Amino acid sequence: MQQTIEVARTAINKKRWPQARYALSRARALLNALPANLVTQEREQLSQLRKKYAARDTPAARNGKKPQPKPTARAGGKKSAAKTTAKKSAAKAAQVPKPAPVRDLGDRFIDRTKLGYVPVDRKRDSGKDRSA
C-alpha cells in the first residue's frame, strides 16, 4: 500500500499525469480491499494526493511557483531605484539569438544521368543531327 502511494506521489511531483492517475486508481482499489480500521493513515495520504492531482490545472500549479507576497518597505527608509523601460528594452535587444549552424555537407556531386535526367540541350536536339 505504501509503495503504491509513493509511486503516485512521485508521479504527481514529476507531473506525469497519466501515470499519477493510474497509481491513484490502484491505491484506491487497494484501500477498498483492505479493512478500514487498518488503513486510516493511508486514506489521509491518498486524499491529500488526490487534492494535489485535482489542482494540476490551476494557474499556480502550471507555473510551479507559489505566489510570493509583495515586498514591504525597508526599515532603513532606502528605496530601490526603479528600472526604466528603456533599460529593459535595450537589454532585450542586446540578446539577439544566434543563427542556426549550417551543416557542411562537403563537395558532393549528383550524377544526374543515373537519375534519368538528361541535359537540356540534348533533349532539344534529340531528333536532329548536330552537324547539319
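What span should the 12 residues of H1 have at 1.5 Å a residue, and how far apart are its end C-alpha atoms? In this predicted model, the expected span is 16 Å and the end C-alpha atoms of H1 lie 16 Å apart, so the two values agree. With that helix as a starting point, the rest of the architecture can be introduced.

The protein contains six helices and zero strands, and reading along the sequence gives the pattern α-α-α-α-α-α. Of its 132 residues, 12% are buried. The protein exposes about 12400 Å², and 54% of that area is supplied by carbon and sulfur atoms. As for how the chain meets itself, 52% of the contacts between residues at least 6 apart in sequence join residues at least 24 apart.

A closer look at H1 is a helpful next step. Its buried residues are Thr4, Ile5, Ala8, Ala11 and Ile12. Viewed down the helix axis, these buried residues fall within an arc of 125°, and therefore they line one face of H1. The cover over them includes H2 and H3. Just beyond the end of H1, Lys15 adopts a positive phi of about 60°.

Two of the buried residues of H1, Ala8 and Ile12, lead on to the largest nonpolar core. This core has 13 residues, and the members that touch the most others are Ala8, Ile12, Ala20, Leu24, Leu46, Leu49 and Tyr53. Helix H1 (2–13), helix H2 (17–33) and helix H3 (40–54) are the elements that each give two or more residues to the core. Among them, H2 makes the greatest contribution, with five residues. Ala8 offers a good view of how these parts meet: leaving aside residues up to four places away in sequence, Ala8 touches Ala20, Ala23, Leu24 and Leu49.

A further residue that deserves a visit is Gln45, which is found in helix H3. Is Gln45 buried or exposed? Its relative accessibility is 18%, and because buried means under 20%, Gln45 counts as buried. Again leaving aside residues up to four places away in sequence, the contacts of Gln45 are with Gln2, Ile5 and Arg9. One of these partners, Ile5, is also among the buried residues of H1.

Methods
Residues numbered from 1 in each chain as written. Predicted model: local features only at pLDDT ≥ 70, side-chain atom pairs only at ≥ 80, totals over all residues. Heavy atoms only, no water. Core = buried A, V, L, I, M, F, W, Y, C linked by side-chain atoms within 4.5 Å. Buried < 20%, exposed > 50% of the residue type's maximum accessible area, 1.4 Å probe, protein only. Helix = DSSP H or I, 4+ residues; strand = E, 2+ residues; numbered from the N terminus. Contact = heavy atoms within 4.5 Å. Expected span 1.5 Å × (residues − 1). Arc of directions from axis to C-beta. Areas by Shrake-Rupley, 256 points an atom, 1.4 Å probe, with all protein chains shown as cover.
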